[in-house]
Amino acid sequence: MADLIIKPSSGNLVLKDDQDVARATIATSTGNITLGTITSGTFPAGHVIQVQSLTLDTPQEKASPTTKTWYDVPSFTLNITPSATSSKVMVMVVLQCSMDESQEVGFQLMRGSTSIGIGAASSNRTRVSSSMRMDAGSSSDYRTITNVINHLDSPSSTSATTYKLQWRNMYSTGFMYLNRSFQWDDVDDRSASCSTLTLMEIAG
């Protein structure tokens, strides 16, 4: 079957609706669409379809009275609605954290109420997406530690999907902090930082 070729004798190709309103203008010299939105079509595998992002720049803290309880990181939840069940979601997290001295904090990614991107089951060991430790008396008391988590998820859904992060103390009780240093005196060698959560829908 031969291609259908539409070529104006001069100017650009303008597509209008039944009210004579221009919905798209295609430049004949470049093929660029200068007005309008593509509402359907097939993207090649690996193509980025949409991006949702969240930046949290306020200090957060959580007192953990036990070592076996997961808590949602406050204000660190983001939704995305995939356009196809075959789509994947690239979850990218950058955290700026600190904690009480000599403590270790674990993190786990969540899709709704399901943990994702965690280690394989290994006897009594805690399955996490990542963990970090603050050593006593170190210079890190005065700054945050960067923690990065990346995970390619397959939600197999076209419904709004919620991603979030949870944290917990690994072996003791105490405080966990986000976007602020453990030492929080009002001086210029203490760190006030930000953390980000980015979701990218990838065509399957």
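## A tour from the S8–S9 loop to the core

Begin by selecting Ser123, which is found in the loop between strand S8 (114-116) and strand S9 (130-134). The structure on your screen is a predicted model, and in it Ser123 has a phi near 55°, a positive value in a residue other than glycine. Most residues other than glycine have a negative phi. Ser123 is also exposed, with a relative accessible area of 69%.

A second residue of this kind can be picked next: select Ser75, which has a positive phi of about 60° although it is not a glycine. Whereas Ser123 sits in a loop, Ser75 lies within strand S5 (residues 71-80). Ser75 counts as exposed because its relative accessible area is 53%, and the cut-off for that class is over 50%.

**The whole chain**

Now zoom out and colour by secondary structure. The protein has 13 strands and zero helices, so that, read from the N terminus, strand follows strand through the entire list of elements. Of the 204 residues, 35% are buried, and the accessible surface comes to about 11,800 Å², with 49% of that area belonging to carbon and sulfur atoms. If you display contacts between residues at least 6 apart in sequence, 75% of them join residues that are at least 24 apart.

**Strand S12 and its partners**

Select residues 174-178, which form strand S12, a mostly covered element in which four of the five residues are buried. Add residues 60-64 to the selection: this is strand S4, which pairs with S12 in the antiparallel sense over five bridges. Within that pairing, Ala63 has Phe175 of S12 as its bridge partner.

Then add residues 88-99, strand S6, which also pairs with S12 in the antiparallel sense, here over three bridges. On this side, Cys97 has Leu178 of S12 as its bridge partner.

While Cys97 is selected, note that this residue is buried, with a relative accessible area of 1%. Select Cys194 for contrast, which counts as partly exposed at 37% relative accessibility. How many disulfides does a search of the whole structure find? The search finds zero.

**Two buried polar residues**

Move next to Gln108, which has its place in strand S7 (residues 103-111). Is Gln108 buried or exposed? With 7% relative accessibility, Gln108 counts as buried, because the cut-off for that class is under 20%. Show its side chain together with that of Gln166, and you will find a polar contact of 2.7 Å joining the two. Leaving out residues up to four places away in sequence, Gln108 touches Trp70, Ser115, Ile118, Arg127, Ser129, Lys164, Leu165 and Gln166.

From that list, select Lys164, which belongs to strand S11 (residues 161-169). Lys164 has a relative accessible area of 18% and is therefore buried under the same cut-off of under 20%. Which side chain makes a polar contact of 3.1 Å with that of Lys164? The partner is Asp72. Apart from neighbours within four places in sequence, Lys164 is in contact with Asp72, Phe76, Thr77, Gln108, Leu109, Met110 and Gly112. For the last of these, draw a distance between C-alpha atoms: Lys164 and Gly112 are 52 residues apart along the chain, and their C-alpha atoms are separated by 7.5 Å.

**The nonpolar core**

The contact list of Lys164 includes Phe76, and selecting Phe76 leads to the last stop. The largest nonpolar core has 29 residues, and those with the most contacts inside it are Phe76, Val93, Phe107 and Leu165. To see where this core comes from, display strand S3 (48-56), S5, S6, S7, S9, S11, S12 and strand S13 (195-202), each of which supplies at least two of its residues. Which strand gives the largest share of this core? That strand is S6, with six residues.

Finally, keep Phe76 selected and show its surroundings. Not counting residues up to four places away in sequence, Phe76 touches Leu54, Leu56, Val93, Leu95, Tyr163, Lys164, Leu165, Ser195, Thr196 and Leu197. Among these contacts are Val93 and Leu165, which are also named with Phe76 as having the most contacts inside the core, while Lys164 is the residue from which you have just come.

Note on methods
Residues are numbered from 1 along each chain as its sequence is written. This is a predicted model: local features need pLDDT of at least 70, side-chain atom pairs count only at pLDDT 80 or more; totals for chains, interfaces and linings use all residues. Side-chain values use heavy atoms; hydrogens and water are left out. Buried means under 20% relative accessible area, exposed over 50%, partly exposed in between (1.4 Å probe, protein chains only). Contact means heavy atoms within 4.5 Å. Accessible areas come from the Shrake-Rupley method with a 1.4 Å probe; for residues, only the protein chains shown count as cover. A disulfide is a pair of cysteine sulfur atoms within 2.5 Å. A polar contact is a pair of N or O atoms within 3.5 Å; within protein, one must be able to donate a hydrogen and the other to accept it, and residues adjacent in sequence count only if both atoms are side-chain atoms. Two strands pair if DSSP finds at least two bridges between them. A nonpolar core is a set of buried Ala, Val, Leu, Ile, Met, Phe, Trp, Tyr and Cys residues joined through side-chain atoms within 4.5 Å.
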